[in-house]
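Here are some notes for a colleague who is about to work with this model. They are set out as numbered points, each of which can be read alone.

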Amino acid sequence: MIASTRGEPDGFTEFVRARGGSLHRTAMLLTHDHAAAEDLVQTALAKAWQSWHRADQPEAYVRRILVNEFASGWRRKWRGEVPTDELPERPLDDGDRLDTRAGLIDALARLPRQQRAVVVLRYFHDYTEEQTARTLGISVGTVKSHTSRALSALRISPHLAATSEGGRR
């Protein structure tokens, strides 16, 4: 790909406009923090910009950068923000859906980073075990192990217990 006259790689702006929201949702599931999700997406897009010409499949390429940045833990270690038990209010018509979403987000936030990354890729983005392993740079066996441990933790999570007791067990 050749850079445009504005100095940006061809198709980059269009990609960000079309897929930015999806990337941010993925980052929110991974980080459980709006500001950290924005930072993560910004970092991933900045890295993708530099090597955009290598992106045969732009979405997969940027998503891999995003997940790798999250999983590597390279981000600053300072955690000045303190997590709360309640998420900010979000307007939704269905209160049960809000409870389920909040419970799921809380439960995901308590998983170790690598397990959370595997769950997000496998179940929110429908990646296969092989695609997940390739994206994270780990073996398929490690993906299976992380998936098993994460699902076991989610099954007993008190954040999801109220949801499942509502007749969905």
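1. Glutamate 38 sits in helix α2, and in this predicted model its relative accessible area of 41% places it in the partly exposed class, because that class runs from the 20% limit for buried residues to the 50% limit for exposed ones. The C-alpha atom of glutamate 38 is 6.6 Å from that of histidine 24, although 14 residues separate the two along the chain.

2. The protein chain has eight helices and zero strands, so that a reading from the N terminus gives the order α-α-α-α-α-α-α-α. Of its 169 residues, 36% count as buried. When contacts are restricted to residues at least 6 apart in sequence, 60% of them join residues at least 24 apart.

3. Confidence should be considered before any local detail is used. The mean pLDDT of the protein chain is 81, and 76% of the residues score at least 70. Among the elements, α6 has the highest mean pLDDT, 94, whereas helix α8, residues 158-165, has the lowest, 62. Over residues 1-5 the pLDDT stays under 50, and the model has nine contacts for this stretch beyond four places in sequence. Where pLDDT is low, predicted coordinates should not be read in detail.

4. Which residues have the most contacts inside the largest nonpolar core? They are Leu30, Leu45, Trp52, Val62 and Leu66, in a core that has 26 residues. At least two residues of this core are supplied by each of α1 (12-31), α2 (34-50), α3 (58-72), α5 (113-124) and α6 (129-136), and the largest share, six residues, comes from α2. Another core lies apart from it and has seven residues, among them Ala107, Leu108, Val119 and Leu154.

5. The second largest pocket holds about 420 Å³ of space, and 13 residues line it, with Arg25, Met28, Leu29, Arg101 and Ile105 lying nearest its centre. The elements that give two or more residues to this lining are α1 and α4 (95-109), and α1 provides the largest share, six residues. Sorted by class, the lining of the second largest pocket has five nonpolar, five polar and three charged residues.

6. Two backbone positions deserve a look in any check of torsion angles. Most residues other than glycine have a negative phi. Histidine 32, which is placed in the loop between α1 and α2, has a positive phi near 65 degrees. Aspartate 126, in the loop between α5 and α6, likewise has a positive phi, of about 55 degrees, without being a glycine.

7. How exposed are these two loop residues, histidine 32 and aspartate 126? Histidine 32 has a relative accessibility of 21% and therefore counts as partly exposed, since the limit for a buried residue is under 20%. Aspartate 126 reaches 63% and so counts as exposed, because that class begins over 50%.

8. Aspartate 85 belongs to the loop between α3 and α4, and its relative accessibility of 69% is the reason why it counts as exposed. Leaving out residues up to four places away in sequence, aspartate 85 touches Asp106 and Arg110. The C-alpha atoms of aspartate 85 and aspartate 106 are separated by 8.2 Å, with the two residues lying 21 residues apart along the chain.

9. Is glutamine 115, a residue of helix α5, buried or exposed? Its relative accessible area is 10%, so glutamine 115 is classed as buried, the limit being under 20%. Once its neighbours within four places in sequence are set aside, glutamine 115 is in contact with His146, Arg149 and Ala150.

Conventions:
Residues are numbered from 1 along each chain as its sequence is written. This is a predicted model: local features need pLDDT of at least 70, side-chain atom pairs count only at pLDDT 80 or more; totals for chains, interfaces and linings use all residues. Side-chain values use heavy atoms; hydrogens and water are left out. A nonpolar core is a set of buried Ala, Val, Leu, Ile, Met, Phe, Trp, Tyr and Cys residues joined through side-chain atoms within 4.5 Å. Buried means under 20% relative accessible area, exposed over 50%, partly exposed in between (1.4 Å probe, protein chains only). Helices (H or I, at least four residues) and strands (E, at least two) are DSSP runs, numbered from the N terminus. On a 1 Å grid over the protein atoms alone, a cavity is a set of points where a 1.4 Å probe fits but cannot get out, and a pocket is an open set with protein on both sides within 12 Å along at least five of seven lines; lining residues have an atom within 4 Å of a point. Grid points are joined across faces, edges and corners, and a volume is the space filled by probe spheres set on the points. Ala, Val, Leu, Ile, Met, Phe, Trp, Tyr, Cys and Pro count as nonpolar, Asp, Glu, Lys and Arg as charged, and the others, Gly among them, as polar. pLDDT is the predictor's confidence in each residue, from 0 to 100. Contact means heavy atoms within 4.5 Å.
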